[in-house]
Amino acid sequence: MIAIPYLTALTTFFSYVLLFVFGQIRDSFRKITDWYSSNNLQGYAPICLGLEDFYIRRLYLRIQDCFGRPISSAPDAWFDVVERYSNDNNKTLIRTSKISKCLNLGSYNYLGFAASDEYCTPRVIESMKKYSPSTCSSRVDAGTTSLHEELEKFVANFVGKPAAIVFGMGYVTNSAVLPVLMGKGGLIISDSLNHNSIVNGARGSGATVRVFQHNTPSHLEEVLRERIAEGQPRTHRPWKKIIVIVEGIYSMEGELCKLPDIIAICKKYKAYTYLDEAHSIGAVGKTGRGVCELLGVDPVDVDIMMGTFTKSFGSCGGYIAGSKELIQYLKYTCPAHLYATSISPPAAEQIISAIKVILGEDGTSRGAQKLARIRENSNFFRSELQKMGFEVLGDNDSPVMPIMLYNPAKIPAFSRECLKQNVAVVTVAFPATPLLLARARICLSASHTKEDLIQALEVISQVGDLVGIKYFPAEPKKQQEEEKMLKLE
């Protein structure tokens with residue numbers, strides 16, 4: 001867990017209190033003016049009540065130019081960011097025809113497949129000519145092509161499971177599958193920092209939901225033991241089913257899951273393991289097969305494997321891999337399979353082609369080179385940021401690197417100053433993170449060159465000094481330069 005420095009926590013909390021107080025004062029004046037110029041709602045309650053959209057109006061709108069920046073090119077190592085301006089203090093943003101070419105440190109393009117690729121792109125174009133951009137139907141009607149069946153076989157083989165099912169949206173893969181797998185009388189034990197798609201899926205299942213401290217196997221065992229001993233609420237009957245849900249790489253922390261310990265505990269208490277590999281599949285492991293390969297875990301020991309195609313594969317959608325019985329059951333019962341339009345054929349072809357490149361089935365070693373480069377880029381960039389004095393979360397080999405900002409005033413300051421120097425970064429704050437733990441999330445790609453990374457480090461270091469987010473003492477510059485030269489050699 002993150003240990004916030006006392007002074008930093010105090011100033012951050014004070015900043016939010018100040019924003020809240022002044023926001024409430026402004027809302028009070030707004031109520032008075034609205035009372036004098038009341039519009040006739042004809043008995044309808046306001047759709048957006050004051051407190052419900054308070055955060056958006058009084059905090060988010062002040063800095064909304066730092067979020068949702070439109071781009072006008074492929075999300076490669078460098079991309080084109082459309083410039084915007086506002087005439088009403090950021091309430092509305094107007095796009096211009098001007099673009100800025102920026103170094104991309106925000107996209108999930110881990111292996112560089114999101115840009116034009118010599119192997120994937122021609123095959124995607126051919127598939128679009130043959131099948132059209134959409135099937136315009138669900139999988140159980142007329143939405144299953146030979147590409148969908150081929151994709152499911154490729155995914156199952158790639159992750160080491162007997163069967164797989166694919167969906168058109170990664171978020172829906174969690175939020176629609178969990179209510180099918182679990183129900184009343186079941187117990188879901190979820191990591192406290194699991195993705196929102198898991199949270200909503202668990203809530204919608206009707207099962208009892210309990211959380212354990214983030215990535216802490218000892219607390220997981222404690223929660224499991226207590227819940228099993230207590231049984232179902234009121235009746236105290238044994239649980240019908242218990243499932244433990246974790247992520248391979250946590251998207252806001254960049255941390256690797258302690259999967260071997262968690263699997264050992266799940267086996268001990270006869271609980272199913274559900275592994276979300278949205279950010280790890282394709283990005284880590286010697287052959288890109290995710291945290292199981294990286295941490296030496298046999299995929300047989302993971303009951304349900306979930307992942308998305310939106311990161312390492314440069315496409316869209318998600319998958320569930322598991323036993324043939326599980327996948328057959330999901331095909332009969334999951335609404336995302338029964339009612340949603342199937343994944344676009346060109347998107348399916350992009351995934352198949354990307355997997356072939358990763359496995360070397362395109363006849364080259366480009367896949368292995370991409371995997372080696374993303375690992376080298378990630379470890380190099382992380383170590384350099386830490387030497388500069390930034391507080392960087394996450395583990396080695398993870399391409400996700402959160403830099404802690406904490407104070408709400410530093411969120412727009414860091415983002416805007418980086419953009420001025422043509423470096424595009426993603427800043428993240430409440431409600432995506434706890435209120436006091438705002439951060440900038442750096443995502444690297446295999447398409448980044450060493451020159452790109454060094455340029456980014458120079459800009460981030462300058463902005464870090466300006467904004468004041470170097471919370472640790474930096475290493476002497478001479479030592480840094482010597483180590484950097486050794487790495488480059």
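Okay, Tyr 110 first: this residue is buried, with a relative accessible area of 0%. Keep in mind that we're looking at a predicted model. Tyr 108, on the other hand, is partly exposed, at 27% relative accessible area.

Now, how many aromatic pairs are there? The count comes to eight. Tyr 108 and Tyr 110 make a tilted pair, because their planes sit at 55 degrees, with the ring centres 6.4 Å apart. Just so you can place that number, the cut-off on centres is 6.5 Å, and edge-to-face would need planes over 60 degrees apart.

Phe 309 and Phe 313 do go edge-to-face, with 75 degrees between the planes and 5.9 Å centre to centre. Both Phe 309 and Phe 313 are buried. They also belong to an aromatic cluster together with Phe 158 and Tyr 319.

Next, charges over rings. Arg 123 lies over the face of Tyr 119, 3.7 Å from the ring centre. Then there's Lys 370, which lies over the face of Phe 113 at 4.8 Å from the ring centre.

Last thing, helices. Take α5, residues 170–181, and α10, residues 324–333: their axes come within 11 Å and cross at roughly 105 degrees. That crossing makes α5 roughly perpendicular to α10. So which residues of α5 and α10 meet? From α5 you've got Val 177, Val 180 and Leu 181, and they meet Leu 326, Tyr 329, Leu 330 and Thr 333 in α10. Sorted by class, that contact has six nonpolar residues, one polar and no charged ones.

Definitions and conventions
Residues are numbered from 1 along each chain as its sequence is written. This is a predicted model: local features need pLDDT of at least 70, side-chain atom pairs count only at pLDDT 80 or more; totals for chains, interfaces and linings use all residues. Side-chain values use heavy atoms; hydrogens and water are left out. Rings of Phe, Tyr and Trp (its six-membered ring) pair if their centres lie within 6.5 Å; planes under 30 degrees apart count as stacked, over 60 as edge-to-face and the rest as tilted. Buried means under 20% relative accessible area, exposed over 50%, partly exposed in between (1.4 Å probe, protein chains only). A charge sits over a ring if NZ of Lys or CZ of Arg is within 6 Å of the ring centre and within 35 degrees of the ring normal. Axes are lines fitted to C-alpha atoms, for helices over the stretch in contact, and angles run from 0 to 180 degrees between N-to-C directions. Helices (H or I, at least four residues) and strands (E, at least two) are DSSP runs, numbered from the N terminus. Angles under 35 degrees count as roughly parallel, over 145 as roughly antiparallel, 65 to 115 as roughly perpendicular and the rest as oblique. Contact means heavy atoms within 4.5 Å. Ala, Val, Leu, Ile, Met, Phe, Trp, Tyr, Cys and Pro count as nonpolar, Asp, Glu, Lys and Arg as charged, and the others, Gly among them, as polar.
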